[in-house]
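I opened this model today to look up a few local features. My notes follow in the order I took them.

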Amino acid sequence: MAHVITSPCMEEKASICSEVCPVDAIQEGDKQFYIDPNTCIDCGACIIQCPVSAIFYEEEVPEDEIGYIQKNAEFFSRV
Ligand code: SF4
(Lines give C-alpha, C1' and ligand atoms only; values in the text may rest on other atoms or scores of the structure.)
Protein backbone atom coordinates (compact mmCIF):
# COMPACT_ATOMS: atom_id res chain seq x y z
CA MET A 1 0.00 0.00 0.00
CA ALA A 2 0.95 3.63 -0.38
CA HIS A 3 -0.44 7.12 -0.37
CA VAL A 4 -1.70 8.59 -3.63
CA ILE A 5 -1.94 12.14 -5.01
CA THR A 6 -5.16 12.83 -6.90
CA SER A 7 -6.62 15.44 -9.28
CA PRO A 8 -6.87 18.53 -6.99
CA CYS A 9 -3.05 18.67 -7.14
CA MET A 10 -3.26 19.58 -10.83
CA GLU A 11 -4.69 22.99 -9.96
CA GLU A 12 -2.35 23.59 -7.03
CA LYS A 13 1.07 21.87 -7.07
CA ALA A 14 1.79 23.38 -3.66
CA SER A 15 4.90 21.20 -3.10
CA ILE A 16 4.68 21.31 0.71
CA CYS A 17 4.07 17.54 0.67
CA SER A 18 7.44 16.84 -0.90
CA GLU A 19 9.16 18.98 1.72
CA VAL A 20 7.73 17.01 4.65
CA CYS A 21 8.09 13.48 3.26
CA PRO A 22 10.76 11.71 5.38
CA VAL A 23 11.72 9.26 2.64
CA ASP A 24 11.66 11.59 -0.40
CA ALA A 25 8.86 9.61 -2.04
CA ILE A 26 7.15 12.63 -3.61
CA GLN A 27 8.39 14.06 -6.88
CA GLU A 28 7.19 16.79 -9.19
CA GLY A 29 5.82 15.97 -12.63
CA ASP A 30 4.69 18.30 -15.41
CA LYS A 31 1.11 18.59 -14.16
CA GLN A 32 1.11 17.38 -10.57
CA PHE A 33 3.20 15.79 -7.82
CA TYR A 34 3.39 11.99 -7.55
CA ILE A 35 4.10 9.51 -4.74
CA ASP A 36 6.39 6.55 -5.40
CA PRO A 37 4.43 3.53 -4.08
CA ASN A 38 7.64 1.56 -3.59
CA THR A 39 9.19 4.23 -1.35
CA CYS A 40 6.21 5.59 0.64
CA ILE A 41 6.12 4.28 4.20
CA ASP A 42 2.50 5.39 4.82
CA CYS A 43 3.41 7.82 7.58
CA GLY A 44 0.60 10.21 6.58
CA ALA A 45 2.67 13.37 7.09
CA CYS A 46 1.86 14.68 3.61
CA ILE A 47 -1.91 14.42 4.00
CA ILE A 48 -2.24 17.13 6.61
CA GLN A 49 0.06 19.49 4.70
CA CYS A 50 -1.85 19.40 1.41
CA PRO A 51 -3.90 22.62 1.05
CA VAL A 52 -6.33 21.03 -1.42
CA SER A 53 -6.78 17.61 0.24
CA ALA A 54 -5.42 15.78 -2.79
CA ILE A 55 -3.62 12.99 -0.90
CA PHE A 56 -5.25 9.78 0.26
CA TYR A 57 -4.23 6.43 1.70
CA GLU A 58 -4.52 4.05 -1.25
CA GLU A 59 -7.50 2.16 0.16
CA GLU A 60 -9.35 5.43 0.78
CA VAL A 61 -8.96 7.03 -2.65
CA PRO A 62 -12.42 8.26 -3.81
CA GLU A 63 -14.07 6.14 -6.50
CA ASP A 64 -13.75 8.82 -9.18
CA GLU A 65 -10.02 9.22 -8.45
CA ILE A 66 -9.08 5.53 -8.58
CA GLY A 67 -7.14 6.02 -11.83
CA TYR A 68 -4.59 8.11 -9.94
CA ILE A 69 -3.29 5.01 -8.13
CA GLN A 70 -1.98 3.71 -11.44
CA LYS A 71 -0.98 7.18 -12.61
CA ASN A 72 1.29 7.67 -9.58
CA ALA A 73 2.90 4.24 -10.06
CA GLU A 74 3.40 4.77 -13.80
CA PHE A 75 5.20 8.07 -13.24
CA PHE A 76 7.96 6.24 -11.36
CA SER A 77 8.16 3.38 -13.84
CA ARG A 78 9.14 5.96 -16.48
CA VAL A 79 11.87 7.76 -14.51
S1 SF4 B 1 2.63 9.09 3.51
FE2 SF4 B 1 4.62 9.71 4.41
S3 SF4 B 1 6.13 8.49 3.28
FE4 SF4 B 1 4.24 8.40 2.08
S5 SF4 B 1 4.46 10.07 0.60
FE6 SF4 B 1 3.32 10.90 2.38
S7 SF4 B 1 4.93 11.82 3.68
FE8 SF4 B 1 5.97 10.45 2.21
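**Loop before helix 3.** I began with D42, which sits in the loop between strand 3 (33–35) and helix 3 (45–49). The model is predicted. I checked the backbone of D42 and found a positive phi of about 60°, although D42 is not a glycine. As background, most residues other than glycine have a negative phi. I then asked whether D42 is buried, partly exposed or exposed. D42 counts as partly exposed, at 28% relative accessibility.

**A second positive phi.** I looked at S15 next. Its phi is near 75°, again a positive value in a residue other than glycine. S15 belongs to the loop between helix 1 (9–12) and helix 2 (16–20). The relative accessible area of S15 is 22%, so I noted S15 as partly exposed.

**Salt bridge.** How many salt bridges does the count give? I got one. The partners are K13 and E28, and their closest N and O atoms are 3.0 Å apart. K13 is in the loop between helix 1 and helix 2, while E28 is in strand 2 (residues 26–28), so the pair ties together parts that are 15 residues apart in sequence. I compared the accessibility class of each partner. K13 is partly exposed, with a relative accessible area of 24%. E28 is exposed, with 52%.

**Cysteines.** I searched for disulfides and found zero. As a reminder to myself, a disulfide is a covalent bond between the sulfur atoms of two cysteines. Why does C9 have no such bond? The closest cysteine sulfur to that of C9 is in C17, and the distance is 6.3 Å, which is too far for a bond. The cut-off I used is 2.5 Å between the sulfur atoms. C9 counts as buried, at 7% relative accessibility. I looked up C21 as well. C21 also counts as buried, with 18% relative accessibility.

**Ligand shell.** C21 came up again when I listed the residues around the ligand. There are 13 of them, and C21, C40, C43, G44 and C46 come nearest. I sorted the shell by residue class. The split is 10 nonpolar, two polar and one charged.

**T6.** I moved to the loop between strand 1 (3–5) and helix 1, where T6 is placed. Buried or exposed? T6 counts as buried, at 0% relative accessibility. I followed its side chain to a partner. The side chain of T6 reaches the backbone oxygen of A54 at 2.7 Å. I then listed the contacts of T6, leaving aside neighbours within four places in sequence. The list reads Q32, A54, F56, V61, E65 and Y68. A54 is thus in my notes twice, as a contact of T6 and as the residue whose backbone oxygen the T6 side chain reaches.

**I48.** My last stop was helix 3, which holds I48. I48 counts as exposed, at 71% relative accessibility. I took one distance from here, to D24. The two residues are 24 residues apart along the chain, and their C-alpha atoms are separated by 17 Å.

**Recap.** I logged positive phi values for S15 and D42. I also logged one salt bridge and zero disulfides.

Notes
Residues numbered from 1 in each chain as written. Predicted model: local features only at pLDDT ≥ 70, side-chain atom pairs only at ≥ 80, totals over all residues. Heavy atoms only, no water. Near = heavy atom within 4 Å. Nonpolar A, V, L, I, M, F, W, Y, C, P; charged D, E, K, R; others polar. Buried < 20%, exposed > 50% of the residue type's maximum accessible area, 1.4 Å probe, protein only. Helix = DSSP H or I, 4+ residues; strand = E, 2+ residues; numbered from the N terminus. Salt bridge = Lys/Arg side-chain N within 4 Å of Asp/Glu carboxyl O. Polar contact = N/O pair within 3.5 Å; in protein donor to acceptor, adjacent residues only side chain to side chain. Contact = heavy atoms within 4.5 Å.
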